[in-house]
Every structure is written in structure tokens, then in C-alpha cells.
Amino acid sequence: MVMATNKRKIKRKKRKAKKLSRLKGLPPGIRMKGGVLFDPTVNGFVAIVHIWDNVHCHGTPEEWRSPEVFSTEEAAMQYYKTSIRPSLERMMAETANGQPGRTFIHRKLEE
């Protein structure tokens with residue numbers, strides 16, 4: 001006597017990694033450079049991104065500032081490295097991938 005077994009394969013959907021949210025109000029640009037600066041109007045350090053519409057960074061860049069204010073430069077830089085830089089890298093890669101003939105190059109000037 002042979003017993004038949006019904007083995008069903010259960011397919012589970014792989015969960016996609018949650019993408020970092022796009023930074024509110026930060027437009028994509030051809031060249032983007034970020035960092036921190038002291039803002040005397042709020043008496044603290046803020047993370048910033050400069051955006052150019054050309055490859056050679058000619059002209060005055062558009063400046064985006066994060067709404068968060070930090071009491072120390074180190075705290076602001078840590079926020080930039082953990083929250084803004086990953087979103088910025090992803091945004092630049094998506095911009096390059098959407099356009100044929102464009103490449104994405106990212107350089108970290110400091111660690």
C-alpha cells in the first residue's frame with residue numbers, strides 16, 4: 001500500500017528593503033556636494049547640500065538645508081553621514097541610471 005502525500009510548496013514574497021525616504025525639498029542635480037555649516041540665525045550647525053546644474057560646478061549653487069539643528073559640528077556631521085548621505089547617493093544613482101549615456105561617480109572626501 002502506497003500513501004500519497006500532498007506536499008505544497010509555499011512561496012513567500014521576499015520583503016524588499018525599505019528605501020530611505022527622499023529628503024523633503026531636495027531636488028536632484030547634476031553635481032551635488034554636502035556637508036555641515038554653522039548657522040548664526042539658529043545658533044547651531046545644520047547639514048547642507050549644494051546643487052549645481054552643470055558638471056564643473058560653475059556658478060552659484062542652489063543650497064538645501066536640513067531642518068534639524070545641532071549644537072556641535074560632530075553631531076551635525078554624524079546626522080549628515082547617517083541620514084543625508086545615503087539618500088543623496090541613492091538619488092544620484094537613480095538619476096544616472098534613468099539616463100542612457102550617464103554614469104554615476106561618488107567620492108567621499110573624508111571619512
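Let's start with S87: its side chain reaches the backbone oxygen of S83 at 3.5 Å. Keep in mind that this is a predicted model. S87 is found in helix 1. Is S87 buried or exposed? S87 counts as buried, because its relative accessibility is 2% and the cut-off for buried is under 20%.

Now, staying with helix 1, let's turn to the core. The largest nonpolar core has 17 residues, and those that touch the most other members are L26, M32, V49, W64 and I84. Which elements give two or more residues to this core? They are strand 1, strand 2 and helix 1, which covers 73–97. Helix 1 supplies the largest share, 7 residues. As background, nonpolar side chains in soluble globular proteins tend to be buried together.

Have a look at W64 on the screen. Leaving aside residues up to four places away in sequence, W64 touches L23, K24, G25, L26, A47, I48, V49, I51 and I84. Among those partners, L26, V49 and I84 are named with W64 as core residues that touch the most other members.

That brings us to the sheet. Here 3 strands form an open sheet in the order 1-2-3, with antiparallel pairing. Strand 1 (31–39) and strand 3 (62–65) are the edge strands, each pairing on one side only. On average, neighbouring strands are turned by 30° against each other, direction ignored.

How many bridges join strand 1 to strand 2? There are 9, and strand 2 spans residues 44–52. If you'd like one spot to find in the model, M32 stands opposite I51 in strand 2. You have met both already: M32 is on that list of core residues, and I51 is one of the residues W64 touches.

How values were computed:
Residues numbered from 1 in each chain as written. Predicted model: local features only at pLDDT ≥ 70, side-chain atom pairs only at ≥ 80, totals over all residues. Heavy atoms only, no water. Pairing = 2+ DSSP bridges. Helix = DSSP H or I, 4+ residues; strand = E, 2+ residues; numbered from the N terminus. Axes fitted to C-alpha atoms, helices over the stretch in contact; angles between N-to-C directions. Core = buried A, V, L, I, M, F, W, Y, C linked by side-chain atoms within 4.5 Å. Buried < 20%, exposed > 50% of the residue type's maximum accessible area, 1.4 Å probe, protein only. Contact = heavy atoms within 4.5 Å. Polar contact = N/O pair within 3.5 Å; in protein donor to acceptor, adjacent residues only side chain to side chain.
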